[in-house]
Amino acid sequence: MSATFAVTNPATGSELQAVPDAGPADARAAIDRAVQAFAPWKARTAFDRANVLQAWRGLMLRDEEIIARLMTQEMGKPIAESRGEVRYAAAFVEWFAEEGKRAYGEIIPSHVAGKRLLAMRQPVGPVYAVTPWNFPAAMVTRKVAPALAAGCTVVLKPAEQSPLTALHLEALWQQAGGPADAFQVLTTSDPAGVSEPFFADARVRKLTFTGSTEVGKRLYAEAARTMKRVSLELGGHAPFLVFADADVPAAVLQVMASKFRNAGQTCVCANRIYVHASIHDEFSARLADAVRALRVGDPLRDDTQVGPLVDRAGLDKVTAHVADAVAKGARVVVGGGPRDGLYFEPTVLADVTDGMRILKEETFGPVAPVVMFRDDAEVVAAANATPYGLAAYLWTRDLGRGFRVAEALDYGIVGVNDGLPSTPHAPFGGVKDSGIGREGGKWGLEEYLDVKYISIALP
Ligand code: SIN
């Protein structure tokens with residue numbers, strides 16, 4: 001592979017490094033290698049695979065600073081968050097190394113005396129993984145660690161914006177003693193061209209994708225051609241409901257953590273903040289103060305809290321959402337516009353109403369739109385009035401209301417008084433247009449296992 005493409009730093013616009021630009025022929029070669037590596041990797045015991053995975057995790061933690069700097073430079077995440085992400089990424093590897101040992105089967109009571117019925121779990125086979133730029137390390141390990149722990153092999157295509165972290169993780173895998181063909185990274189500027197051989201090849205048994213709903217739907221259709229298993233973690237449009245009895249300072253702290261993490265570029269961040277009329281002014285004032293105090297700047301500085309957006313398309317979308325809201329009557333309380341380069345000011349919008357794009361589409365930027373509500377049933381209906389169903393949040397001191405509303409929300413993840421529910425051992429994933437399948441915990445391992453039923457007639 002001689003062609004390359006450049007990776008640029010969104011904070012400075014400068015070129016960081018050129019990486020291999022794979023094409024369809026490279027994809028076919030990678031598939032052949034992944035297929036050949038599958039049988040020997042599957043044949044190793046889960047305990048043996050766990051040892052390799054644990055060694056990989058150790059190297060990630062050893063290289064925490066190197067990986068964090070790569071990530072910050074290639075996609076603009078503040079360095080303190082990047083360090084946290086390396087630890088988060090390593091925690092997926094640790095969890096799945098252990099969980100791979102618990103891929104238990106079952107004995108099923110037989111309907112006749114002379115038979116024994118059993119169900120066992122086996123790895124699905126070679127996997128094609130496609131990961132996004134917003135979590136260049138954790139979204140890799142959230143997919144690759146369970147796949148490898150289950151006994152699958154993986155070819156990973158990272159996002160064009162952030163391939164450097166993935167390449168470093170691949171190098172560490174080999175240093176850890178992992179077979180090179182069991183986990184391969186294919187960097188490319190032609191995602192469609194590289195993906196096509198995977199969809200055409202029936203030997204690739206699974207597609208796992210994190211990214212937009214639009215692309216996810218296309219890949220889902222493509223994967224059907226060779227009837228692959230699929231896991232799709234797609235877009236979100238998270239409502240954040242603050243009820244009249246909420247602990248307002250705590251809710252503000254958590255909305256800050258949820259909304260401004262990664263400059264608002266997460267699928268689970270609060271996108272629509274509904275606040276009860278009785279606490280609306282207090283909540284909005286506290287939120288505005290907290291947002292004003294955010295330190296925006298060079299993401300490599302330890303004290304930076306908000307860095308640049310990943311690229312021009314991301315910045316244009318955020319700018320368009322704010323302009324649309326303002327044109328339709330929203331009030332800018334803090335921020336409101338782009339700064340130099342790819343930066344957007346952390347923003348609070350008030351008087352946000354239905355009909356504004358920001359209440360319908362995922363913004364993926366540091367903008368907090370606040371909507372006032374009066375009626376609990378109406379706000380739950382508004383929260384559910386979206387094709388998305390990834391994460392939702394609610395704030396109340398009433399446990400009964402907390403349970404009832406959590407159960408009524410059509411979402412895969414609900415944070416009750418918790419703005420940061422993600423953790424490696426819990427199920428992460430959505431319903432409706434937010435996707436199919438779960439990552440994390442025992443559910444994340446199941447995505448890479450098929451159930452085989454064996455019926456034995458005793459002689
Ligand atoms: C995401 O935005 O896709 C992942 C965020 C998380 O793991 O919390």
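1. Let's start with α1 against α7. In this predicted model, helix α1 (residues 24–43) packs on α7 at an angle of about 35°, and the two axes are 8 Å apart. The crossing here is right-handed. On the α1 side the contact uses P24, A27, R28 and I31, and these meet G193, V194, P197 and F198 of α7. Sorted by class, that gives 6 nonpolar residues, 1 polar and 1 charged.

2. Next, α3 and α4. Helix α3 covers residues 64–75 and helix α4 covers residues 79–99; their axes come within 8 Å and cross at roughly 125°. Angles between 115 and 145 degrees fall in the oblique class, and α3 and α4 are therefore oblique to each other. The handedness is right-handed for this pair. From α3, the contact takes in E64, E65, I67, A68, R69, M71 and T72, while α4 brings I79, S82, R83, E85, V86 and R87. Have a look at the make-up of this contact: 6 charged residues, 5 nonpolar and 2 polar.

3. The third helix pair to look at is α9 with α10. Their axes come within 10 Å, crossing at roughly 45°. α9 and α10 are therefore oblique to each other, and they cross in a right-handed sense. V248, P249, A251, V252, V255, M256 and F260 are the α9 residues involved, and they meet E282, F283, R286, L287, A290 and V291 of α10. The class split is 11 nonpolar and 2 charged, with no polar residues.

4. Now the largest pocket. There is about 1100 Å³ of space in the largest pocket, with 37 residues lining it. If you want to find its centre on screen, go to W133, F209, G211, S212 and V215, which lie nearest to it. Several elements feed the lining: α7 (191–200), β8 (206–210), α8 (213–224) and α11 (312–327) each put in at least two residues. Of these, α8 gives the most, with 6 residues. The lining as a whole divides into 15 nonpolar, 12 polar and 10 charged residues. Note that α7, the partner of α1 in point 1, is one of the elements that supply this lining.

5. Then the second largest pocket, with a volume of about 540 Å³. Its lining has 32 residues, and E81, M256, A257, R261 and L420 are the ones that lie nearest the centre. Which helices each supply at least two residues of this lining? They are α4, α9 (248–260) and α10 (280–292). The largest share belongs to α9, with 7 residues. By class, the lining has 18 nonpolar, 7 polar and 7 charged residues. There are links back to the helix pairs here: α9 and α10 both line this pocket and also pack on each other. M256 is a handy landmark, being part of the α9 contact with α10 as well as one of the residues nearest the pocket centre.

6. Last, the enclosed space. How many cavities of 30 Å³ or more does the count give? The count is 1, and the volume of the largest cavity is about 100 Å³. Y88, N134, F135, M139, R142, T210, R261, T266, C267, V268, S422 and F428 form its lining. In class terms, this comes to 6 nonpolar, 4 polar and 2 charged residues. R261 deserves a second look in the viewer: it belongs to the cavity lining, and it is also among the residues nearest the centre of the second largest pocket.

Key. Residues numbered from 1 in each chain as written. Predicted model: local features only at pLDDT ≥ 70, side-chain atom pairs only at ≥ 80, totals over all residues. Heavy atoms only, no water. Axes fitted to C-alpha atoms, helices over the stretch in contact; angles between N-to-C directions. Helix = DSSP H or I, 4+ residues; strand = E, 2+ residues; numbered from the N terminus. Parallel < 35°, antiparallel > 145°, perpendicular 65-115°, else oblique. Left-handed = near helix turned anticlockwise from the far one by under 90°. Contact = heavy atoms within 4.5 Å. Nonpolar A, V, L, I, M, F, W, Y, C, P; charged D, E, K, R; others polar. 1 Å grid on protein atoms, 1.4 Å probe; cavity = no way out; pocket = protein on both sides within 12 Å on 5 of 7 lines; lining within 4 Å. Points joined across faces, edges and corners; volume = space filled by probe spheres on them.
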